[in-house]
Structures are given as structure tokens and as C-alpha cells.
Amino acid sequence: MTLRGLAGWIPVLVAGCVVAQLWSRGWKPAVAESRRLDAAEAEVRARHEALLETRAILADDEARIGDPIWQERVRRSLSSAGEPLRLESLSGQRHDQQRDEQREDPGRTLGGD
């Protein structure tokens, strides 16, 4: 092979080196980052669903607390029953049940079935 023939292959070798660098320093890390972000997205969506469920429960509790009829029922239960009726005994059961389910199966969201 002559010097002129070798000089003709230099552009091909340079282009091959550029492609190899793009592959090793660009494409492969980008694919790995994409996979990592996809996994993180699934986790964020699960947390979002759990927070929406908790928000709905808390909104129900807030509406119940602001209801004068419910307040009167609680007042009467406090004055007549042996064990007082507490807010935690009404809404806390749902929170406790969901917390127990979450402890048993951490991969499961609070609102997901």
C-alpha cells in the first residue's frame, strides 16, 4: 500500500473514531439515563396516586369536621357514651388500614388495587 492509498483511508478512520466516541460517550449513556428516568417516572406516578388518595380522604375529613350535624353527633357521643367518639376513630381507621397495607407490600400504592 502506498502513502497515497493510506492517505485515502484517513478520513474513513477519523469518521470511524467519531462514530465510536458518539456511541460510547453519547448513545449508551443516553439510553441508560432514559431507562433510569422511566423507572423514576413510574415511582413518581405511584406516589402521586397515593397522595391523591390521601388528599381525598383528608378532604372528606375536613368536610365532616365543618359539618354542624357531625359536630353535634360528636358532642352528643362525648356526653352520653362511655368511650368518646374521636375523629381518629372515624377517619384514622382508613389511614391505619392503608398504612398497614403499605407496610405489608411496599410496592403497592395507597390508592392502587
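R64 and D61 both belong to helix 1, where three residues, about one turn of the helix, set them apart. In this predicted model, their side chains meet in a salt bridge, with an N to O distance of 2.9 Å. The surroundings of the two partners can be described through their accessibility. D61 counts as buried because its relative accessibility is 5%, under the 20% limit for that class. R64 has a relative accessibility of 23% and therefore counts as partly exposed.

A second pair occurs in the same element: E33 and R36 both lie in helix 1, again three residues apart, about one turn of the helix. The side chains of E33 and R36 form a salt bridge with 2.7 Å from N to O. E33 has a relative accessible area of 36%, so this residue is partly exposed. R36, with 48%, is likewise partly exposed; the exposed class requires a value over 50%. Side chains of opposite charge can pair when their charged atoms come close.

The account now moves to helix 2. Which residue forms a salt bridge with E72? The partner is R75, and the closest N and O atoms of the pair are 2.4 Å apart. R75 and E72 are three residues apart in helix 2, so about one helical turn separates them. Both partners fall between the limits for buried and exposed: R75 is partly exposed at 47% relative accessibility, and E72 is partly exposed with a relative accessible area of 27%. The pair also takes part in a wider arrangement, since E72, R75 and R76 are linked in a network of salt bridges. For the structure, the count of salt bridges comes to six.

Helix 2, which spans residues 68–80, also holds S77. Is S77 buried or exposed? S77 counts as buried because its relative accessibility is 14%. The side chain of S77 reaches the backbone oxygen of V74 at a distance of 2.8 Å.

The confidence of the prediction remains to be considered. Over the chain, the mean pLDDT is 78, and 69% of the residues reach 70 or more. Where in the chain is confidence highest, and where is it lowest? Helix 1, covering residues 3–66, has the highest confidence at 88, whereas helix 3, covering residues 87–104, has the lowest at a mean of 60. Where pLDDT is low, the predicted coordinates should not be read in detail. The pairs R64 with D61 and E33 with R36 both lie in helix 1, the element of highest confidence.

How values were computed:
Residues are numbered from 1 along each chain as its sequence is written. This is a predicted model: local features need pLDDT of at least 70, side-chain atom pairs count only at pLDDT 80 or more; totals for chains, interfaces and linings use all residues. Side-chain values use heavy atoms; hydrogens and water are left out. Helices (H or I, at least four residues) and strands (E, at least two) are DSSP runs, numbered from the N terminus. Buried means under 20% relative accessible area, exposed over 50%, partly exposed in between (1.4 Å probe, protein chains only). A polar contact is a pair of N or O atoms within 3.5 Å; within protein, one must be able to donate a hydrogen and the other to accept it, and residues adjacent in sequence count only if both atoms are side-chain atoms. pLDDT is the predictor's confidence in each residue, from 0 to 100. A salt bridge is a side-chain nitrogen of Lys or Arg within 4 Å of a carboxyl oxygen of Asp or Glu.
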